[in-house]
Amino acid sequence: MVPPCGLLTRREEPMPLKSISVTLSIQEFVADVSATLNYENKERVPVEAFFVFPMNEDSAVYSFEALVDEKIIVAELQDKMKAHASYENAISQGHQAFLLEEDVSSRDVFCCNVGNLYPGSKVALTLKYVQELPLEPDGALRFVFPAILNPRYHLSRWPVNTCLQIKAPVVALDNLPYTLSMTATISSQHGIKKVRSNCRLTPLKYLGNDKTTAQISLDDGHKFDRDMQLLIYYSEVHTPSVAVELGKPETSPDCFMEKPTAMVSFYPNIPQAQPPVTCGEFIFFMDRSGSMQCPMSKQDKSQLRIDAAKETLILLLKSLPVGCYFNVFGFGSSYESCFQDSVRYTQHTMEEALRKINVMKADLGGTEILTTFNAIYGSPTIPGHPLQLFVFTDGEVSDTFSVMSEVKSNSKRHRCFSFGIGEGVSTSLIKGIARATGGTSEFINAQDRMQSKALLALKRSLQPVVEDFSLSWSLPLGLSAKVLSPEQSVIFRGQRLIIYAQLIGLMPPKETRGEVCLTYKLQGKSFENKVTFSLHSKPDANFTIHHLSAKSLLQLKDMGFRETPANDKKEVLKISLECGIVSSHTAFIAISKDLNQPVQGPLVCRDIPRPVLLGAVTAMPRCYGGAYAKASSSYYTPAADSMRRSPYYSNMPFQPRSNGGSNIFGHRRPMSYREMYTLVFGDNHLVQLICLQKADGSWDLNEGLALVLGTSVEDILAALPHKDLDSSSWATVLAVLWLYAHGKDLQSEWDLLARKAMIWIHVNIGSAVHQLISAAVGLVKSPVNPKTLTH
């Protein structure tokens with residue numbers, strides 16, 4: 001037996017992967033990434049290594065090459081079956097071979113095979129990809145380098161040849177036998193303000209006085225305990241633009257790469273709809289699989305995924321419009337729903353749903369999300385109430401293509417807003433189901449506020465539909481534009497819109513300019529956005545725009561190795577092979593035959609270990625810290641744990657009661673309202689106020705509201721300017737005023753329920769509203785301008 005040598009796993013197997021180095025170039029909102037995997041075989045026998053790793057599903061992988069003994073071998077993109085045959089043939093003959101492919105079950109998982117790595121040899125494998133960077137609500141561009149690939153639940157239709165079946169060893173993060181380094185260069189004509197990250201970085205270094213170029217690096221000692229994220233802030237991000245890229249010379253006229261391609265970026269100035277939409281059927285999917293019991297991050301006291309999702313769901317239910325329909329599903333290996341069918345949103349149904357959400361646990365096994373989707377699709381629609389799905393999941397599903405295919409086939413009947421929770425979430429699942437239905441996707445880690453992102457999605461779902469979308473071009477005679485991007489059916493306020501188009505015909509002189517105009521209608525009004533641009537472009541050796549446009553088409557057509565329809569597979573292969581962009585039907589293959597003789601001896605297989613958050617799936621003490629503490633602590637508190645069976649998220653006040661001389665908290669005497677509310681909510685008055693609101697948007701006058709306002713019920717009633725008005729009207733005005741005065745930092749989270757309250761106020765109070773607001777300002781000594789509440 002050959003004794004083990006070199007770096008070892010817990011199974012005492014030498015691991016040939018030594019390091020991963022990343023060079024990142026970000027220009028405006030496009031990232032070009034070069035990742036190098038450095039292998040070294042310190043064993044005395046030849047090795048075949050397998051490395052399974054995550055990749056953002058938007059990534060267009062366009063290059064793969066191997067550096068072997070100082071010689072570069074550029075991989076060829078081939079039909080996947082042909083590439084596999086070439087690899088196996090090379091291995092059987094003792095040659096070195098390298099294979100890179102997208103997994104058959106999900107486009108955000110890749111596998112790299114290193115065949116016949118002979119003793120003492122070193123190999124550097126470099127893959128390159130480009131991707132668009134999403135725009136965050138606060139104006140940041142988000143780049144994520146995935147580092148976590150969590151175990152994924154095996155669906156009943158589990159594919160037999162997925163690389164996720166590889167039993168890669170799992171090691172503690174401190175013992176991972178390879179390192180990660182990264183250097184990023186960022187460029188923007190508008191200037192770079194700052195860069196934030198969830199990982200330790202070197203200080204931002206500007207490469208010029210105008211701050212348009214900067215460099216930053218990942219600090220030494222990075223652990224694979226989280227996906228590496230950069231948030232990049234430019235001085236201006238909402239400027240429309242058009243970039244033109246010349247075609248690839250010496251290609252056939254019908255080749256995708258031959259023609260110049262334009263990348264158009266719009267930021268439509270869609271006005272706030274007045275009034276907002278109040279109809280709709282809202283169905284909330286809550287992942288209750290065992291993995292939702294994991295913490296949001298590896299950090300101490302990190303909130304559990306299931307608790308963060310429950311808090312957000314409660315806030316969403318409180319923010320639903322009066323008159324809509326709703327239901328809540330919990331899914332895992334099976335699924336449960338709050339109601340047999342969707343019900344009208346009333347005080348009674350809201351309270352019933354909140355009671356059931358309150359006791360939800362991550363106890364339904366694996367993530368069998370497809371069954372839950374099928375249950376929804378098999379239910380009848382509610383006339384006049386368009387279906388909107390909100391999916392909260394950690395995305396640990398193996399066969400995402402099957403899920404996406406089913407969602408896409410039902411895309412005409414609903415929109416899906418998806419939320420990926422925690423590290424290692426499947427970007428393919430989260431982005432795919434949203435893209436297929438015209439919704440939006442969000443990713444939430446321990447540094448993000450899930451509530452803010454979820455409420456933004458709810459606001460978007462309530463927007464009136466933008467109609468008659470069209471794009472027109474003004475180009476020189478003899479030149480036309482062919483739009484490559486799929487037809488746009490949904491535009492959301494505050495979002496960036498990217499469109500790709502081929503320019504067909506004779507390109508004019510350098511100084512010539514063109515114009516593109518985006519037009520649409522909203523609530524009967526017409527809007528347009530124009531941008532003029534130069535038709536001159538410098539050649540790009542990487543053909544970034546061509547690769548991004550090809551990727552946008554592949555995302556539309558490529559539904560996986562097994563799921564893609566036959567009529568689309570031919571087009572997917574054509575685009576993939578012509579553009580050199582890997583797809584589920586193609587793979588990169590590189591073969592080295594330059595050895596004096598083929599590798600001799602038995603070939604030993606080595607699976608490269610991958611990091612997961614160890615201990616995440618074990619039982620852990622329930623965490624209650626986080627969400628709204630000091631206007632940012634949790635809905636759940638340790639004191640409230642004993643009240644888990646009580647509907648303390650509804651508007652109903654708690655009834656102090658005695659049981660054999662002790663109350664429900666174990667005290668020997670009945671508790672007052674003030675003591676009970678203080679015990680449950682502590683100083684978190686914002687959460688208390690939200691929980692007290694009724695489904696119709698109003699508040700009742702009770703001890704709970706008085707505690708938030710810092711006074712007594714008697715004093716509130718004494719200050720009522722009109723004694724003939726009911727106390728709910730007065731209470732609702734005071735509650736809304738308190739929100740504007742004390743919850744401004746989190747207005748994005750309570751804005752919808754405040755709007756609902758104002759609608760109730762104007763309907764039920766009428767002309768007395770101005771006098772009530774003025775009196776309320778005096779009572780709570782608020783600095784808020786009364787006009788803020790009357791407009």
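## Parallel strands and a crossover

Two strands count as paired when DSSP finds at least two bridges between them. The model discussed here is predicted. In it, strand S22 (residues 387–393) and strand S23 run parallel and are joined by seven bridges. Within this pairing, phenylalanine 392 lies opposite phenylalanine 419 of S23. S23 also pairs with strand S24 (residues 441–444), again in the parallel sense, over four bridges. Here glycine 420 is placed opposite phenylalanine 443 of S24. From S23 the chain passes through helix H6 (residues 427–437) to reach S24, and this β-α-β crossover is right-handed.

Strand S23 spans residues 414–421 and is mostly covered, with eight of its eight residues buried. His414, Cys416, Ser418 and Gly420 point one way from the strand. Arg415, Phe417, Phe419 and Ile421 point the other way, and the residues of both sets are buried. The two residues named above as bridge partners fall on opposite sides: Gly420 points one way and Phe419 the other.

## Antiparallel sheets

Strands of a sheet pair through backbone hydrogen bonds, in either a parallel or an antiparallel arrangement. One open sheet has three strands in the order S10-S15-S12, with antiparallel pairing. Strand S10 (141–145) and strand S12 (192–197) are its edges; each has a single partner strand, so one side of each is without a neighbour in the sheet. On average, neighbouring strands in this sheet are turned by 20 degrees against each other, direction ignored. Between S12 and strand S15 (residues 228–234) there are five bridges, in the antiparallel sense. Arginine 196 has leucine 231 in S15 as its bridge partner.

Another open sheet of three strands follows the order S25-S28-S29, and its pairing is antiparallel. Its edges are strand S25 (467–474) and strand S29 (525–534); because each has a single partner strand, one side of each is left without a neighbour in the sheet. The average turn between neighbouring strands of this sheet is 15 degrees, direction ignored. S25 and strand S28 (residues 513–522) run antiparallel and are joined by six bridges. Glutamate 467 has lysine 521 in S28 as its bridge partner.

## Positive phi in loops

Most residues other than glycine have a negative phi. Glutamate 250, which is not a glycine, has a positive phi of about 60 degrees. This residue sits in the loop between strand S16 (241–245) and strand S17 (261–266). Its relative accessibility is 84%, so glutamate 250 counts as exposed, the cut-off being over 50%.

Glutamine 523 also has a positive phi, near 50 degrees. Its place is the loop between S28 and S29, two strands of the sheet ordered S25-S28-S29. With a relative accessible area of 43%, glutamine 523 is partly exposed.

## Buried serine and cysteines

Serine 592 belongs to strand S30 (residues 586–592). It counts as buried because its relative accessibility is 6%, and the limit for that class is under 20%. Leaving aside residues up to four places away in sequence, serine 592 touches Ile73, His95 and Gln96.

Two cysteines fall in the same class by this limit: cysteine 338 is buried at 7% relative accessibility, and cysteine 517 is buried with a relative accessible area of 6%. Cys416 in S23 is buried as well. A disulfide requires a pair of cysteine sulfur atoms within 2.5 Å, and by this rule the count is zero.

## Confidence

The protein chain has an average pLDDT of 81, and 80% of the residues score at least 70. Over residues 1–12 the pLDDT is below 50, and this stretch has 24 contacts in the model beyond near neighbours in sequence. Over residues 613–669 the pLDDT stays under 50, and the model has 156 contacts for this stretch beyond four places in sequence.

How values were computed
Residues numbered from 1 in each chain as written. Predicted model: local features only at pLDDT ≥ 70, side-chain atom pairs only at ≥ 80, totals over all residues. Heavy atoms only, no water. Buried < 20%, exposed > 50% of the residue type's maximum accessible area, 1.4 Å probe, protein only. Axes fitted to C-alpha atoms, helices over the stretch in contact; angles between N-to-C directions. Right-handed = clockwise from strand over helix to strand, strands pointing away. pLDDT = per-residue confidence, 0-100. Contact = heavy atoms within 4.5 Å.
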